[in-house]
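Student: Could you take me through one part of this protein slowly, beginning with the whole and then narrowing down to a single residue and its surroundings?

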Amino acid sequence: MDEYKLEGGSFYDDYNEVLEDCKAYSHKIDSLNVVCMDMEKKGIPGDSIRKVYASAKEWYGNILKIKSDYVRQNPDKDVSVYVMSQLTRDQLGDAFNVLTDRVKEGMMAPLYQRMREGYEKELARDKAKEAMKPGNPAPEFTLKDLDGKNFDLSSLRGKYVVLDFWGSWCGWCIKGIPEMKKAYEKYKGKIEFVGIDCNDTEDKWKKAVAEHQLPWINVRNIGEPDVAVMYGVSGYPTKYVIDPEGKIAKQVVGEDPEFYMYLDALMK
């Protein structure tokens with residue numbers, strides 16, 4: 001127990017050292033926040049407030065550099081993993097390479113693993129975005145439908161397909177359902193719609209499908225490979241139109257009338 005307390009105390013002492021190094025910039029940011037909130041209360045235009053707050057960008061940058069330097073200079077401290085969680089993605093890439101195996105596999109291993117997996121997913125997502133251009137093949141996938149049966153994208157080859165990446169937690173996704181239903185009815189038999197639920201529990205997904213009476217094919221994105229990553233999805237809703245040859249025809253991010261205008265032009 002004494003050893004545990006010593007390790008815990010050391011962890012917080014180390015982190016307090018980081019905070020102390022950042023204190024001067026943190027105080028400047030806090031003071032500037034107070035000034036900007038006062039400006040807002042006085043009805044000063046947002047553009048003017050943003051110009052005043054712009055100086056904080058340099059201070060945030062200085063804080064990030066202090067934290068990045070700390071990790072690089074202290075690769076065998078457990079707290080470095082926690083400090084890493086506050087860095088930018090570009091800084092993370094370098095930081096992963098300096099930590100010792102003891103730290104990677106020690107008390108902070110769960111956080112380290114989550115960061116590593118998230119970082120690698122983001123890299124894969126960026127790479128996928130580059131491939132998701134009109135005319136390129138749409139990645140094949142298999143996901144479970146509402147009945148727990150496999151749905152293969154390849155089963156719709158020869159038809160136009162709309163892939164709708166959405167979630168019950170996404171306000172704009174839910175707001176867009178009525179327009180999606182209109183398009184579905186309008187082009188039934190000409191276009192297949194596939195709703196790909198992301199970041200929901202199974203219960204929340206099924207409840208949302210039932211509540212909103214979604215009439216199209218519904219599948220849930222879970223497990224590996226992550227279909228949202230395969231398609232470079234970083235915002236919701238994201239819709240893809242796939243042509244009968246299985247190639248990307250169109251991508252629309254957000255609930256945008258452009259998507260429905262595109263379908264109208266496509267089906268003329």
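Tutor: Of the 268 residues in this predicted model, 39% count as buried, and the accessible surface comes to about 15500 Å², with 52% of that area belonging to carbon and sulfur atoms. The C-alpha trace spans about 65 × 50 × 35 Å along its principal axes, and the radius of gyration is 24 Å, whereas a compact globule of 268 residues would have a value near 18 Å. The protein contains 12 helices and 7 strands, and if we take the contacts between residues at least 6 apart in sequence, 67% of them join residues at least 24 apart.

Let us now narrow the view to helix 3, which runs over residues 56-73. Helix 3 is made up of 18 residues, and the distance from its first C-alpha to its last is 26 Å, close to the 26 Å expected at 1.5 Å a residue. Its buried residues are A56, W59, I63, K67, S68, D69, Y70 and V71, and from these we can pick out S68 for the close look. S68 has a relative accessible area of 16%, and because buried means under 20%, S68 is counted as buried. As for its surroundings, once the neighbours within four places in sequence are left aside, S68 is in contact with L87 and Q91. Thus the residue to look for in the structure is S68 of helix 3, with L87 and Q91 as its contacts from farther along the sequence.

How values were computed:
Residues numbered from 1 in each chain as written. Predicted model: local features only at pLDDT ≥ 70, side-chain atom pairs only at ≥ 80, totals over all residues. Heavy atoms only, no water. Helix = DSSP H or I, 4+ residues; strand = E, 2+ residues; numbered from the N terminus. Buried < 20%, exposed > 50% of the residue type's maximum accessible area, 1.4 Å probe, protein only. Contact = heavy atoms within 4.5 Å. Expected span 1.5 Å × (residues − 1). Rg over C-alpha atoms; globule rule 2.2 N^0.38 Å. Areas by Shrake-Rupley, 256 points an atom, 1.4 Å probe, with all protein chains shown as cover.
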